[in-house]
Amino acid sequence: MSDINSVIHAGPQFNSKASKRMHVMAKPIGAACNLDCDYCYYLSKENLLEYKKGCTPQLDDQKLEKFVRDYIEGQNSLQIIFSWQGGEATMLGISYFEKVVELQRKYQPEGVTISNDLQTNGTLLNDQWCEFLKKNNFLVGLSIDGPELLHNTYRTNKAGRGTFKQVMRAVDLLHKHEVKFATLTCVNNLTSRNPLEVYRFLRDVVKSPQMQFIPIVEMKTFRETAPNTWDISDRLMQGDKRLIPGHKDSVVEPFCVSDHAWGNFLITVFNEWICNDVGTVFVQYFEAFLEAWMGNRNPLCTLGEMCGKGLAMEPNGDVYTCDHYVYPEYKIGNIAETALEKMALSPKQQQFGTAKSKSLPKQCQECDYKFACFGECPKNRFIKTRDGEDGLNYLCAGWNKFYKHADAGFAFTLRQLGLPVAHGKHSDKILTEKQILPVNNA
Ligand code: SF4
Ligand code: SF4
């Protein structure tokens, strides 16, 4: 399973009188899934959250109605986005989502648009599903990891067979019914080594309307240990060989992307995109970085200044600080007992949100690309800087390599579009200073 929504929605981090917005990733079927992808960070929640053996959890009618009403009433924005994820939420059937849409209509305030995102592995989609998704204007996030061999290595069904053919059938159906969709591609130890094959496949075969790439980073302890509760004595220094996936003593799962492979993947895709595809192919990261280079807030939560706006809700109504923090330590309440708005504004949630910036090590504070990165997602900050300071991001070396490489390209693209360049080594300010210098010296 991958994550469309923790990264897709923009908006202020905390509600204010002027703007009340929040985002909840609802998991109405919890971790239940018809597939068994190796790196799904969510399947293990079945044990962690103590779902009863053999029973498929489900957000029941009462809690569903409470959630829909609370979520709408807790916001004053003109657009409200519901996000549905699993496990595999399509296992609930079309009728469940018909009920969702009905409830949304029941509580929809005048003048407010309500829309829905649905994250899926695509294997259960058929004509009826696509008709429903089209009719109700759902945005679908489809997990696909690249050409057949690459996709089938980790994205398997319960019998261990690859799911490529079913997913490609879903691609055809989504196009046929003109359903809005984005592709979510996990960058793992294998896809990271084949960036052009993956990118060109998504561009030319899948004809992805928007490409989202997700670096796979999982510590070997991730099933039982919540992020940021790691044992400090276990933390390794940037550059330590035990941070390499596949190393005999590695602390990360073998399917993870390494820091350098992540940087190389982004650089190769970027080169292809900037030479051939600007304006015709949408790569979510690159669009977001153009915003950051322009001086706007990065719309991706992983690269923003604060966390805390995207809550996650389990089928029993339990609400957590973030989709990546569904661990007992990060529970902030239950929908049956507390209003969503109250949970979103709770001190625990606010503290979680601001910790992202407050806990940045000096290396990030002084980094030339802090404006675009902000130390990336805290769930990946489990290594030490070369000076021995805690809290550095596992992917830092890759991110940094990419930022240095793409800096001039982002500045060039913005200038071509007649837009300002607020940051980076080629910013308008630096350029102006360079142009002025000879005059001043004369
Ligand atoms: S921990 Fe923060 S940056 Fe990471 S996914 Fe959650 S909200 Fe986004
Ligand atoms: S590139 Fe590295 S040092 Fe710079 S902000 Fe990102 S994680 Fe921190």
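Guide: A residue is near a molecule if its C-beta atom, placed from the backbone, lies within 6 Å of it. The model here is predicted.

Visitor: Which residues surround ligand 2?

Guide: Twelve names, in chain order. Q363, C364, C367, Y369, K370 and C373 come before G375, E376, N393, C396, W399 and N400. Elements that give two or more of these residues are α13 (362-365), α14 (370-373) and α15 (396-416). The largest share, 3 residues, is from α15.

Visitor: What makes residues of the shell around ligand 2 nonpolar, polar or charged?

Guide: Residue type alone. Cys, Tyr and Trp count as nonpolar, Glu and Lys as charged, and Gly as polar. The shell divides into 6 nonpolar, 4 polar and 2 charged residues.

Visitor: Why are α8 and α9 called oblique?

Guide: Check the angle first. Helix α8 (residues 195-206) packs on helix α9 (residues 259-276) at about 45°, with the axes 9 Å apart. Roughly parallel needs an angle under 35 degrees, and roughly perpendicular needs 65 to 115. The angle of about 45° meets neither condition, nor is it over 145, so the pair is oblique. The crossing is right-handed.

Visitor: Which residues of α8 and α9 meet?

Guide: P195, L196 and Y199 come from α8; F265, T268, V269 and E272 come from α9. That contact has 5 nonpolar, 1 polar and 1 charged residue.

Visitor: What makes α9 roughly parallel to α15?

Guide: Again, the angle. The axes cross at roughly 15° and come within 6 Å. The cut-off for roughly parallel is under 35 degrees. Roughly 15° passes, so the label holds. Here the crossing is left-handed.

Visitor: Which residues of α9 and α15 meet?

Guide: From α9, the list includes W262, L266, I267, F270 and I274. Among those from α15 are C396, W399, F402, H405 and T413. The contact divides into 10 nonpolar, 6 polar and 2 charged residues. C396 and W399 also belong to the shell around ligand 2.

Visitor: Why do β6 and β10 count as edges of the sheet?

Guide: Read the order. The open sheet runs β6-β5-β4-β3-β2-β1-β8-β9-β10, 9 strands with mixed pairing. β6 (211-215) and β10 (331-334) each have a single partner strand, so one side of each lacks a neighbour in the sheet. From one strand to the next, the twist averages 25°.

Visitor: How do you know that β3 and β4 pair?

Guide: Count bridges. Pairing needs at least two. Strand β3 (residues 113-120) and strand β4 (residues 139-143) are joined by 4 bridges, so they pair. They run parallel. L118 stands opposite V140 in β4.

Methods:
Residues are numbered from 1 along each chain as its sequence is written. Chains are lettered from A and ligands numbered from 1 in the order in which they are written. This is a predicted model: local features need pLDDT of at least 70, side-chain atom pairs count only at pLDDT 80 or more; totals for chains, interfaces and linings use all residues. Axes are lines fitted to C-alpha atoms, for helices over the stretch in contact, and angles run from 0 to 180 degrees between N-to-C directions. A crossing is left-handed if the near helix is turned anticlockwise from the far one by less than a right angle, and right-handed if clockwise. Two residues are in contact if their C-beta atoms, placed from the backbone, lie within 7 Å.
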